[in-house]
Amino acid sequence: VESMTPPSVVEACADNTSIRIRTCVATKKRMKDIALLRVVEHPDEPGVILPDPKRRMQGRGAWLTPTIAALELAEQRRAFGRALRVSTTVDTGHVRTYLVEQTTGPDIVRKTEH
């Protein structure tokens with residue numbers, strides 16, 4: 001008797017990675033965690049928010065749709081402070097830089113030396 005489980009679920013379970021549903025702090029849309037960017041507060045600098053694309057940093061995380069528009073919406077709504085339980089003003093500069101680099105790609109000019 002074959003299993004009735006869809007192949008995508010079986011594949012996700014086979015490599016020990018599960019896809020979870022998370023809510024974007026800006027748009028409030030529920031999406032798969034692989035479609036969102038996790039952000040955390042810097043462990044040594046209160047109020048500084050860091051991107052955590054590998055989802056390995058310690059601490060309370062918040063999930064964001066990885067676009068500049070969603071970042072700006074989250075800033076307007078002061079969503080990071082609430083989601084991360086930060087009482088100080090938040091600095092999202094690192095997240096903004098990360099998102100800009102992801103959308104434009106690396107801007108590296110290399111010259112070949114002979």
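Helices (H or I, at least four residues) and strands (E, at least two) are DSSP runs, numbered from the N terminus. This is a predicted model, where local features need pLDDT of at least 70, side-chain atom pairs count only at pLDDT 80 or more, and totals for chains, interfaces and linings use all residues. Residues are numbered from 1 along each chain as its sequence is written, and side-chain values use heavy atoms, with hydrogens and water left out.

**Exercise 1. Get the overall layout.**
Work out how many helices and strands the protein has, and in what pattern they follow along the sequence.

*Solution.*
- Step 1: the tally is four helices and five strands.
- Step 2: along the sequence, they come as α-β-β-β-β-β-α-α-α.
- Step 3: now for burial, where buried means under 20% relative accessible area, exposed over 50%, and partly exposed in between (1.4 Å probe, protein chains only). Of the 114 residues in the protein, 29% are buried.
- Step 4: the accessible surface (Shrake-Rupley method, 1.4 Å probe) is about 8600 Å², and carbon and sulfur atoms hold 51% of that.
- Step 5: take contact as heavy atoms within 4.5 Å. Among contacts with a separation of 6 or more, 50% are between residues 24 or more positions apart.

**Exercise 2. Put the sheet together.**
Find the order of the strands in the open sheet, and say which are the edge strands.

*Solution.*
- Step 1: two strands pair if DSSP finds at least two bridges between them. The order is β4-β3-β5, three strands with antiparallel pairing.
- Step 2: β4 (49-51) and β5 (61-64) each pair on one side only, which makes them the edge strands.
- Step 3: for angles, axes are lines fitted to C-alpha atoms (for helices over the stretch in contact), and values run from 0 to 180 degrees between N-to-C directions. From one strand to the next, the twist averages 35°.
- Step 4: helix α4 (residues 93-104) packs on this sheet and touches β3, β4 and β5, with its direction at about 25° to that of β4.
- Step 5: count the bridges. Strand β3 (residues 37-41) has four to β5 and three to β4.
- Step 6: match up the residues. V40 has G61 as its bridge partner in β5 and stands opposite L50 in β4, while V39 stands opposite A62 in β5.
- Step 7: four of the five residues of β3 are buried, so the strand is largely enclosed by the rest of the structure.

**Exercise 3. Look around H42.**
Decide whether H42 is buried or exposed, and list what it touches beyond four places away in sequence.

*Solution.*
- Step 1: H42 sits in the loop between β3 and β4.
- Step 2: H42 counts as buried because its relative accessibility is 19%.
- Step 3: leaving out residues up to four places away in sequence, H42 touches V48 and L50.
- Step 4: a polar contact is a pair of N or O atoms within 3.5 Å; within protein, one must be able to donate a hydrogen and the other to accept it, and residues adjacent in sequence count only if both atoms are side-chain atoms. A polar atom of the H42 side chain lies 3.2 Å from the backbone nitrogen of E45.
- Step 5: Q58 is 16 residues from H42 in sequence, and their C-alpha atoms are 9.4 Å apart.

**Exercise 4. Find the two sides of α2.**
Which residues of helix α2 (residues 68-77) are buried, and what covers them?

*Solution.*
- Step 1: the buried ones are A70, L71 and A74.
- Step 2: these residues lie on the same side of α2, because they cover an arc of only 100° around the axis (taken from the directions from the helix axis to the C-beta atoms).
- Step 3: the cover over the buried residues includes β5, α3 (79-84) and α4.
- Step 4: A69 and Q76 are exposed, on the face turned away from the buried side.

**Exercise 5. Check two positive phi values.**
Where do K28 and R78 lie?

*Solution.*
- Step 1: most residues other than glycine have a negative phi.
- Step 2: K28 is not a glycine, yet its phi is positive, about 65°. K28 lies in the loop between β1 (21-23) and β2 (30-32), and counts as exposed at 53% relative accessibility.
- Step 3: R78, just after α2, takes a positive phi of about 55°. R78 lies in the loop between α2 and α3 and is exposed, with a relative accessible area of 65%.
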